[in-house]
Amino acid sequence: MTTRAEAEALLHIVGGSADTGIDIADAALALAVLDRPGVRLDRYRHHLGQIAAATAEVFAGLEGLSGVRRRHAALTQTIVGRFAYRGDQRTYDDLQNANLMRVIDRQRGLPIALGILYLHAGRAQGWAVDGLNFPGHFLLRLEAAGGRIVFDPFNDGQPVDPAGMRALLKATTGVGAELTPEHYAAASNRDILLRLQNNIKTRVLRAEQTADALKVIESMLMFAPDRPSLWYEAGLMHSHLGNLRGALLAFDQCHDIAADPRLRNEVTRIMQSIRSRLN
């Protein structure tokens, strides 16, 4: 896979697949191709294979540990120790940090992008490793034999206890925030990919690059076509760019799949306004 068309075809396949069937690392590479068409993925896929194989090798050599601690040590010693991946502290907002190809090239990235490497490595062993539905800073959860470790892929895979999670939550979302069971819940593969792309969308919108933000939204719709909020955002961006017919198509799709009657009413009102402008 090297062309945009090939990447889009794979993402549309992901969009029609059950969440459990999504290869999250390969889907993230397809998203990376959209920004870097023409770059072959062979060596990146090979590198992912190396990470998986090295994790198995390191795990086998950790005879002094057991259970979830052994699995966690194997992941961190492989990804941080052997392959020298780190969170990008210096240029955190660089868009390269959310492009898995560039993360592999630079061995630096955002929590979500690094987290995908941990997910790939752990799941290749058949381990129960998931991303958490934790806002502001992506965390991972590893479970084995009744044990559990929550850890931070951005900070060398360091474990995060409940007090640390609470402090992180307040730092990222506000001092009034408190931990709830939802923050320990596993995020779906699709939601992790959406979160990866949201990092790019947020940064280009901050730079007032609406056309680029729309491209990101359209990439998200390829693998999550059933999300009304994405169609709504696409409609707003098309409208902002003056593409009223594109806006109508997006809002119409949003209206068709939205379950919330308030959203349907809002979309109906917007569509009526757009049609009056077209007439």
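**Exercise 1. Surroundings of Thr78**

Leaving aside its neighbours within four places in sequence, with which residues is Thr78 in contact? Describe also the setting of the Thr78 side chain in this predicted model.

*Solution.*
Step 1. Locate the residue: Thr78 belongs to helix α4, which spans residues 67-82.
Step 2. Assess its exposure. The relative accessible area of Thr78 is 0%, and the cut-off for a buried residue is under 20%; Thr78 is therefore buried.
Step 3. Look for a polar partner of the side chain. A polar atom of the Thr78 side chain lies 2.7 Å from the backbone oxygen of Ala74.
Step 4. List the contacts. With neighbours within four places in sequence set aside, Thr78 is in contact with Ile51, Ala54, Thr55, Val58 and Phe83.

**Exercise 2. Packing of α4 against α6**

Determine how α4 and α6 cross, and which residues make the contact.

*Solution.*
Step 1. Choose the descriptors: two packed helices are described by the angle between their axes and the distance between the axes.
Step 2. Read the geometry. The axes of α4 and α6 come within 10 Å and cross at roughly 130°.
Step 3. Classify the angle. Roughly antiparallel requires an angle over 145 degrees, and roughly perpendicular covers 65 to 115; at roughly 130°, α4 is therefore oblique to α6.
Step 4. Assign the hand: the crossing of α4 and α6 is right-handed.
Step 5. Identify the residues. Leu75, Thr76, Ile79 and Val80 of α4 make the contact with Leu117, Tyr118, Ala121 and Gly122 of α6.
Step 6. Sort these residues by class: six are nonpolar, two are polar and none is charged.

**Exercise 3. Packing of α6 against α8**

Establish whether α6 and α8 are roughly parallel or roughly antiparallel to each other, and characterise their contact.

*Solution.*
Step 1. Helix α6 comprises residues 111-124 and helix α8 residues 189-206; their axes are 10 Å apart, at an angle of about 155°.
Step 2. An angle over 145 degrees counts as roughly antiparallel, and α6 and α8 are therefore roughly antiparallel to each other.
Step 3. The hand of the α6 and α8 crossing is left-handed.
Step 4. On the α6 side, the contact involves Ile112, Ala113, Ile116, Leu119 and Arg123; on the α8 side, Asn189, Ile192, Arg195, Leu196 and Asn199.
Step 5. By class, the contact of α6 with α8 holds six nonpolar, two polar and two charged residues.

**Exercise 4. Arg277 and the α11 and α12 pair**

Place Arg277 in its helix and describe how that helix packs with α11.

*Solution.*
Step 1. Arg277 lies in helix α12, residues 261-278.
Step 2. Not counting neighbours within four places in sequence, the contacts of Arg277 are Ser239 and Leu244.
Step 3. Helix α11 covers residues 244-257, and its axis comes within 10 Å of that of α12, with a crossing of roughly 155°. That makes α11 roughly antiparallel to α12.
Step 4. The crossing of α11 and α12 is left-handed.
Step 5. The residues of the contact include Leu244, Leu248 and Phe251 of α11, and Val267, Ile274 and Arg277 of α12.
Step 6. The full set of residues in the contact of α11 with α12 divides into eleven nonpolar, two polar and six charged.

**Exercise 5. Asn97 in its loop**

Is Asn97 buried or exposed, and which side chain does its own side chain join in a polar contact?

*Solution.*
Step 1. Asn97 is in the loop between β1 (86-87) and α5 (100-106).
Step 2. With a relative accessible area of 0%, Asn97 is buried.
Step 3. The side chains of Asn97 and Arg106 are joined by a polar contact of 2.9 Å.
Step 4. Beyond residues up to four places away in sequence, Asn97 touches several others, among them Asp88, Tyr92, Arg108 and Ala113.

**Exercise 6. Positive phi in two loop residues**

Describe the backbone and exposure of Ala84 and Gln107.

*Solution.*
Step 1. Recall the background: most residues other than glycine have a negative phi.
Step 2. Ala84, in the loop between α4 and β1, has a positive phi near 60°. Its relative accessible area of 30% makes Ala84 partly exposed.
Step 3. Gln107, in the loop between α5 and β2 (108-109), has a positive phi of about 60°. At a relative accessible area of 31%, Gln107 is partly exposed.

Conventions. Residues numbered from 1 in each chain as written. Predicted model: local features only at pLDDT ≥ 70, side-chain atom pairs only at ≥ 80, totals over all residues. Heavy atoms only, no water. Helix = DSSP H or I, 4+ residues; strand = E, 2+ residues; numbered from the N terminus. Buried < 20%, exposed > 50% of the residue type's maximum accessible area, 1.4 Å probe, protein only. Polar contact = N/O pair within 3.5 Å; in protein donor to acceptor, adjacent residues only side chain to side chain. Contact = heavy atoms within 4.5 Å. Axes fitted to C-alpha atoms, helices over the stretch in contact; angles between N-to-C directions. Parallel < 35°, antiparallel > 145°, perpendicular 65-115°, else oblique. Left-handed = near helix turned anticlockwise from the far one by under 90°. Nonpolar A, V, L, I, M, F, W, Y, C, P; charged D, E, K, R; others polar.
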